[in-house]
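Colleague: I have a few minutes before the next job finishes, and I would like to go through this one with you. Could you put it up on the screen?

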Amino acid sequence: MAFIDEAKFFVKGGDGGNGCVSFRREKFVPKGGPDGGDGGNGGDVIIEASKRLSSLIDFRYRSHFMAERGVHGQSKKMHGRNGADHVVKVPAGSLIKDAETGEVIADLIEDGQKVIVAKGGRGGRGNTHFASSTNRAPRVAGRGKPGEERWLRIELKILADVGLVGLPNAGKSTLLSKLSAAHPKIAAYPFTTLEPHLGVMRLGHHPPYVVADIPGLIEGAHEGAGLGHKFLKHIERTRVLLHILDGSKPIDEIIADQQTLEQELSRFDETLLSRRKVIVVNKVDLLEDTNQLKKIVTIFGAKNISVLAISALTGSGIDALKKHLVAILAEKFDG
């Protein structure tokens, strides 16, 4: 099933019910007077965030959401029933915008967070409200107001504790499968990851943490090259970024890869540079020169950047990486 993270949809609040024109009819009560009831109010269209959802796939099959209209008023001053609200469930992390103006209506981050995006119309008043000393038998009633309607755009930005970023073939998908129980597609060709994948990392008594594998970045990703532009937005809300580097490459290429990652992240959003990060050198099982890893650690250490060496394929260093991540996340969570 394709991962859907953007959609355009139409919402309309329910129309208000019409007021009733009616006169009291009762034996031995001449000229009973008006007794038309009010129309009910139309229902609202409400968008609610839910952590149980992870994609906007439902919007592929439905793009119009309308609340119920109010019931018309009736005789004997009976008011019409209010229309039922229509609740649209979306994943937590959804950004709701007006499709025409681009105005941000709501940023739904918390589970259960709600916003009314189309209010229902008010019901019309019955003819009892139009009676006066000069008009004791009004034959008019108010019409229900139409509900609000508009086109909206929704964008999903994944809420994850850890985001995996790296160039194609750096081993992010394999690492995700080791950190969690996720089973992303893994192969030895560029852009195996065509959509974000989520996994849940567990370690001992610590709370579970969500890990997101973002499709590989290439130079120019912030401008739309490769797959980066489409999915870079998903790392904006991650708490920690793992920079995955291919340790089997020559040292100068490893340094260049890290510089490419830094440049693409900063050009997309400069605040990402200040995000807590961990550099992970992967594929150390392929190193022929045992001193290369020491040289890499020394180079990044001079920049006050810590490095963890792992082999996602063999599992070497994975436990240490988990403990390191949990320590960072627990520190940020408690603080």
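Modeller: Before we start, let me fix a term: buried means under 20% relative accessible area, exposed means over 50%, and partly exposed lies in between, with a 1.4 Å probe and protein chains only. This is a predicted model, where local features need pLDDT of at least 70, side-chain atom pairs count only at pLDDT 80 or more, and totals for chains, interfaces and linings use all residues. Residues are numbered from 1 along each chain as its sequence is written, and side-chain values use heavy atoms, with hydrogens and water left out.

Colleague: Fine. Which residues of strand 12 point one way, and which the other?

Modeller: Val 240, Leu 242, Ile 244 and Asp 246 point one way, Leu 241, His 243 and Leu 245 point the other way, and all of them are buried. With 7 of the 7 residues of strand 12 buried, the strand is largely enclosed by the rest of the structure.

Colleague: And how are you counting strands and helices?

Modeller: They are DSSP runs numbered from the N terminus, where helices are H or I with at least four residues and strands are E with at least two. On that basis the protein has 6 helices and 14 strands.

Colleague: What does strand 12 pair with, then, on the strand 9 side and on the strand 13 side?

Modeller: Two strands pair if DSSP finds at least two bridges between them. Strand 9 (residues 162-166) is joined to strand 12 by 5 bridges and runs parallel to it, with Val 165 having His 243 as its bridge partner. Strand 13 is also parallel to strand 12, through 7 bridges, and there Ile 244 is partnered by Val 280. Between strand 12 and strand 13 the chain passes through helix 4, in a β-α-β crossover that is right-handed, meaning that with the strands pointing away from the viewer, the path from the first strand over the helix to the second runs clockwise.

Colleague: Where does helix 4 lie?

Modeller: Helix 4 lies across strand 9, strand 12 and strand 13, and runs at about 145 degrees to strand 12. The axes are lines fitted to C-alpha atoms, for helices over the stretch in contact, and angles run from 0 to 180 degrees between N-to-C directions; contact means heavy atoms within 4.5 Å.

Colleague: What is the strand order in the sheet of 6 strands?

Modeller: The order is 10-11-9-12-13-14, in an open sheet with mixed pairing. Strand 10 and strand 14 stand at the edges with a single partner strand each, so one side of each has no neighbour in the sheet. Direction ignored, neighbouring strands of this sheet are turned by 25 degrees against each other on average. At one edge, strand 10 pairs with strand 11 (residues 209-213) in the antiparallel sense over 5 bridges, and His 197 stands opposite Asp 213.

Colleague: Switching to helix 5, which residues are buried there?

Modeller: In helix 5 (residues 291-301) they are Gln 292, Ile 296 and Phe 300. They cover an arc of only 65 degrees around the axis, which puts them on the same side of helix 5; the arc is taken from the directions from the helix axis to the C-beta atoms. Lys 294 and Thr 298 are exposed on the face turned away from that buried side.

Colleague: What covers the buried ones?

Modeller: The cover includes strand 12 (240-246), helix 4 (251-268), strand 13 (276-282) and strand 14 (307-309).

Colleague: And helix 2, mostly covered or mostly open?

Modeller: Helix 2 is mostly covered, with 6 of its 8 residues buried, among them Lys 172, Ser 173 and Thr 174. In the loop between helix 2 (172-179) and strand 10 (197-201) sits Ala 181, which counts as exposed because its relative accessibility is 64%. Ala 181 and Val 200 lie 6.8 Å apart, C-alpha to C-alpha, and 19 residues apart in sequence.

Colleague: Last one: what does His 86 touch?

Modeller: His 86, in strand 4 (residues 86-91), is buried at a relative accessible area of 18%. Leaving out residues up to four places away in sequence, it touches Asp 44, Val 45, Ile 46, Arg 62, Phe 65, Met 66 and Ala 67.
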